[in-house]
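Hi there,

Here is the structure I promised to pass on. Have a look at it first, and my notes on what I found follow below.

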Amino acid sequence: MVNRRAKWVAALRTPVGAFAAALLVLVVALAVLAPILWHDNAFEIDTEAIGQGPSAAHWLGTDDLGRDILFRALVATRLSVLLAVLATVIGVVSGIVLGTLPSLLPRPAARLVTSAVNIAVAFPGLLLVLFFSVIFGVGTHGAVLAVGFALAPSFARLAQTLSASVAGQDFVSAARISGVGRVRLLVRHILPNIGEPLVVNATIGAGSALLAFSGLSFLGIGVQAPDYDWGRLLGEGLNGIYVNPAAALAPGVAVVLAGLAFNLVGETVAGVIGVRTGLRKLAPRPVPPAREDLVRERDDDAVLVVENLQVAFPRPAGWTVPVRGVSFTVRAGEAIGVVGESGSGKSLTGLAVSRLVEAPAVVTADRLEFAGKPVLTTPERELRGLLGTSLAMVFQDPMTSFNPTKRIGRQLAEVSEQHQGLPRAKAFARAVDRLRAVRIPAAERRARQYPHEFSGGMRQRAMIGMGLMGDPRLIIADEPTTALDVTVQRQLLRLLARTRAERNTAIILISHDIAVVSQTCERMLVMYAGRVVEDLPSAATPRHPYTRALLAATLDLETDRDAPLAVIPGRPPEPDRVPTGCAFADRCPAVTDRCRLEDPVLEPMTPEHRVACWNPRETSFSQPAKETVTAGGAE
């Protein structure tokens, strides 16, 4: 409840959320108060001012009976909004009934209903509105039913899809097995789990209903005299649009603003609610609790502190947890490498600590602090400034990380404009200076070029330059040397090393290449199946069989070309199929029964070396000359 309330507060603080809330409050206030305050003014006839334009007495002019157009537009708010909401309710209720009816009916009848919904969805909405208007007749009641039933097919399709996604979950199967009837199963177990997406779409649909209803009244088949709504006022004002344009523009603007209010509120609600699943809270696969001795004692110079980090994604059958209880600390000026096979959780860990993992994923941690600030609980507005200037992310593919429609210099300058308040010219000058700092030749000319005009290595250096626009205390480099030749790789690694030395910046280098990491970083985190299985200094002898296997598979100039290439047998487990016990057990040559039953936790071998293995010293792989992490490897 607290998290949901915090999300609502954060959403209302955004420009879109605040504007949507203010607009909706204005529309509701006018719908309630306008008929009370100005009803008589709206019907008052001024025979001396018939068909006049805007004046001091009548700000938007008068109609052909001398009635004030402004007051009439304000009073029409109640009927226009009320009829749109009523039509939306009819559409939502009818759609839910049609969408869920197939699960209650026999198969032949269910197919008939589904086919009818599919046919109705294929028709344009306006055509359906006009079709139902002919059936239900001219007038307010007929228009409400026409618009409502025209909305029903789209909600029926949505309810049908959502119901099908929920019906396959385990808790529904358990209720069905326990003897719960179809109606009770639908009401108690399915509808509550699809209610939130329906509410979001109903809010957005209200704007469409308002527009459709105004269109019917404009055509003369909606609201009839003496009643009037915005559509009827628009039709009346259109006759004299060349004499008094305000008579037609006022109700038109009212329709646009009210429709915009409904749509923006729907978008805001969607952002807060996100994706709803059958589970009330995160229930990932249990992992061993974080040990207090895994986090170093000195926290005074810690830039990033991570304890028991978990990232989970919802699935129809439960939760998938690709990052399972990761703990580490990064200090000022320290370089840490994160290695492991694809799917081990390296990049996802980097995104999670940067707060870049979005819903429906759920990120939890016993402790996740950057520069002393709790990342998961600090308000978005306060954290945005800190992360924008103190944390730099170098993504794996800079071609997709840069906006292809903007020049490189403008994209770099945007950082200083947003977070440091620099004017446009000074921010661009700083961007040119940062490009020079990362050794891009002709920086001022290059700053005016687009990303596709840069080579791969230059784009990576420009990405690092973007991170240096602030004063980063931590740089997270996710595979920065991927797809680059060894010369460019060496340049980038030297650039990161120089940045670290000059600014005392901490670096997290995520890579598949254990040789690159060993030559660049002081410390290494080896990840497997979402866990850190070994935390060791780069100069130390690895003890975990997985680390030793990765090292044995590394090629260098001393590798015996006549010997078969070293490989790690098998494949890493899927994130949703992690076995009980040690995840590496099926691929380990020294596996024991204990390995298959108990999941090891990180245990200290030395004060700086920790291993999660039951047999850390009893394994051996081919090519023992590579047992030391610093033993060679191509750059």
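Helix H5 (residues 125–136) has 12 residues, and at 1.5 Å a residue these should span 16 Å; the end C-alpha atoms are 16 Å apart, so the two values agree. The expected span here is 1.5 Å times one less than the number of residues in the helix. Helices (H or I, at least four residues) and strands (E, at least two) are DSSP runs, numbered from the N terminus.

Before going further, please note that this is a predicted model: local features need pLDDT of at least 70, side-chain atom pairs count only at pLDDT 80 or more, and totals for chains, interfaces and linings use all residues. Residues are numbered from 1 along each chain as its sequence is written, and side-chain values use heavy atoms, with hydrogens and water left out.

Back to H5, whose buried residues are Leu128, Val129, Phe132 and Ser133. They lie on the same side of H5, because they cover an arc of only 140° around the axis (the arc is that of the directions from the helix axis to the C-beta atoms). Buried means under 20% relative accessible area, exposed over 50%, and partly exposed in between, with a 1.4 Å probe and protein chains only. The cover over the buried residues of H5 includes helix H4 (107–122), helix H6 (140–167) and helix H8 (182–219); contact means heavy atoms within 4.5 Å. Right after H5 comes glycine 137, with a positive phi near 90°.

For the chain as a whole, there are 21 helices and 13 strands. It has 635 residues, and 47% of them count as buried. Of the contacts between residues at least 6 apart in sequence, 68% join residues at least 24 apart. The accessible surface is about 31,100 Å², with 60% of that belonging to carbon and sulfur atoms; the areas come from the Shrake-Rupley method with a 1.4 Å probe, and for residues only the protein chains shown count as cover.

Now to the sheet. Eight strands make up an open sheet with mixed pairing, in the order S7-S8-S9-S3-S10-S11-S13-S12. Two strands pair if DSSP finds at least two bridges between them. At the edges are strand S7 (391–394) and strand S12 (603–606), each pairing on one side only. On average, neighbouring strands of this sheet are turned by 20° against each other, direction ignored; the axes are lines fitted to C-alpha atoms, for helices over the stretch in contact, and angles run from 0 to 180 degrees between N-to-C directions. S7 pairs in the parallel sense with strand S8 (residues 474–478) over four bridges, and one bridge there links alanine 392 to isoleucine 475 in S8.

Strand S10 (residues 523–528) is worth a closer look in your viewer. Six of its six residues are buried. Arg523, Leu525 and Met527 are on one side, with Met524, Val526 and Tyr528 on the other. In a regular strand the side chains alternate between the two faces of the sheet. S10 pairs in the parallel sense with strand S3 (residues 335–339) over four bridges, where valine 338 stands opposite leucine 525. With strand S11 (residues 531–537), S10 runs antiparallel, joined by six bridges; arginine 523 has proline 537 in S11 as its bridge partner.

S10 and S11 form a hairpin with two residues between them. In that turn, alanine 529 has a positive phi of about 55° although it is not a glycine, and this alanine 529 is buried at 9% relative accessible area. Asparagine 504 also has a positive phi, near 60°. Asparagine 504 sits in the loop between helix H18 (486–503) and strand S9 (506–511) and is partly exposed, at 47%. Most residues other than glycine have a negative phi, and most peptide bonds are trans. The peptide bond from alanine 225 to proline 226 is cis, with omega near 10°.

One last loop residue: is histidine 544 buried or exposed? Histidine 544 counts as buried, at 2% relative accessibility. It lies in the loop between S11 and helix H20. Leaving out residues up to four places away in sequence, histidine 544 touches Val533, Glu534, Phe584, Val611, Ala612 and Cys613.

Best wishes
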